[in-house]
Amino acid sequence: MDSAMLDDFPLPQPSGRSEIEIYRMWRIYNALLERKRRGAAVVNLLVGEPYFPPPSRAIAAAEAALRAGPIPYTEALGMRRVRQAIAGYYRRRHDLEIPAERIAVTVGSSSGFMLSFLAAFDAGQRVAVVEPSYPAYRGALRAVNLEPYRLGTDAASGFRPTAAMIEALPADIAGVVLASPANPTGTMLRRDDLAALYAASRRRGLWLIVDELYHGVTYGEPAETMLSQGPEAIVVNGFSKYWGMTGWRIGWLVLPERLVPRVEALSGSLQISAPTLSQLAAEAVLESDDEMNERVAVYGRNRARLLQALPRLGLDRIAPADGAFYLFCDVSAFTDDAESFCRRMLDETGVVVAPGDDFDTANGSHFVRFSFCVEPEVVDEAINRLSEWLPRQNRR
């Protein structure tokens, strides 16, 4: 048959589940790249990627492994020695005995969420997602035919979900996704908060999935883990934030025992195993607290600098920022269109921040997110430029 005649036949169509939102942040990022291509300066407070080089122990472990010979596949749940090292992390940091058998090593925390969603939920179920929150939760849920349900928080509650909110969820909700410390707000849940949320989820018979990726990046008391409340939460963590190993794509899950064989089977089919080289590097950095805490101290100074400067410029309503490396700022005095505000800021100052719409589907157009995991001089330059620009903006 002539290939031209094939044009008369219908084409297969993309799946409905792949029709997920593209973050507004990436549109801003593309504008940033275009500006850089033109040779214009950019002061980048957009993405949550630590600027430091890989931890020294990660480099040493990776070099040693490369010299030692082949880099093979590992067990689907990860190398046992790595899982044992993660269990040791919980012993040292949280005084918890977490069996290595309940730990799965994943291809970044993103893979951990996907494996959790597939193991815990059936297609078509509704899952509550605390907002403001990392937008990929919603995208990943939709990609596996699950329906995200917005569980909104606000400044009045310190952007913290409560047990009452869990109890009030519709009857058909199957689970809850939350984070502590949270992206974009930096809000951290205390032990009493965790206890109440865990108990409410157990009473409702809900899967509780907790993102603890920003543990270690806190500016006062250390973060508590939901695992302190019992074995029924699914905890997601990884090496991209505190340890700054973003491109190494390595994370982990701590699972209720009954989910372990489900995740093992899914992992073997979907990812075979996490990258061996990254597993060995991750094992090596788990006891690098001194080096990592020096980095967190830099973030802390950046945070303090912004918290001192931004209120003077009219951005005086800021989420708690107990942890992580973001400031979620209310810009409703200036705009009700955060994306346009961010584009204008980039065009007129070269400073780039993230629009809040990605993080909160109801109220995000009134917020922007500053990321401060950058060199201190970048923070200073952003403040200098915004000190000239923000006072000239019309207030609503």
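## Pocket lining, salt bridges and cysteines in a predicted model

The lining of the largest pocket comprises 15 nonpolar, 8 polar and 6 charged residues. The structure is a predicted model. In this model the largest pocket has a volume of about 630 Å³, and its lining is made up of 29 residues. Those nearest the centre of the pocket are V47, G48, E49, Y134 and K241. Two elements, α1 (24-37) and α4 (108-120), give two or more residues to this lining. The greatest contribution comes from α1, with 5 residues.

The charged side chains also form contacts across the chain. Side chains of opposite charge can pair when their charged atoms come close. Over the whole structure, 26 salt bridges are found. The table presents pairs between parts of the chain that lie apart in sequence.

| Salt bridge | Closest N to O | Separation in sequence |
|---|---|---|
| R142 and E21 | 3.2 Å | 121 residues |
| E287 and R92 | 3.9 Å | 195 residues |
| D289 and R93 | 3.3 Å | 196 residues |

In the pair of R142 and E21, R142 belongs to helix α5 (residues 136-143), whereas E21 lies in the segment before α1. R142 is partly exposed, with a relative accessible area of 32%; E21 is likewise partly exposed, at 32%. Both residues also take part in a network of salt bridges that links E21, E131, R138, R142, R150 and D360.

Helix α3 contributes to the other two pairs. E287 and R92 form a salt bridge; because E287 is located in the loop between α9 (276-285) and α10 (289-309) and R92 in helix α3 (residues 80-94), this contact ties together parts of the chain that are 195 residues apart. E287 is exposed, at 54% relative accessibility, while R92 is partly exposed, at 46%. The salt bridge between D289 and R93 joins helix α10 to helix α3, and therefore ties together parts 196 residues apart in sequence. D289 is partly exposed, with a relative accessible area of 28%, and R93 is partly exposed, at 29%.

The structure contains 0 disulfides. Why is C342 not bonded to C329? The sulfur of C342 is 11 Å from that of C329, its closest cysteine sulfur, which is too far for a bond, since a disulfide requires sulfur atoms within 2.5 Å. For C373, the closest cysteine sulfur is also in C329, at 15 Å, and is therefore too far for a bond. C342 is buried, with a relative accessible area of 0%, and C373 is buried at 0% relative accessibility.

Conventions:
Residues numbered from 1 in each chain as written. Predicted model: local features only at pLDDT ≥ 70, side-chain atom pairs only at ≥ 80, totals over all residues. Heavy atoms only, no water. 1 Å grid on protein atoms, 1.4 Å probe; cavity = no way out; pocket = protein on both sides within 12 Å on 5 of 7 lines; lining within 4 Å. Points joined across faces, edges and corners; volume = space filled by probe spheres on them. Helix = DSSP H or I, 4+ residues; strand = E, 2+ residues; numbered from the N terminus. Nonpolar A, V, L, I, M, F, W, Y, C, P; charged D, E, K, R; others polar. Buried < 20%, exposed > 50% of the residue type's maximum accessible area, 1.4 Å probe, protein only. Salt bridge = Lys/Arg side-chain N within 4 Å of Asp/Glu carboxyl O.
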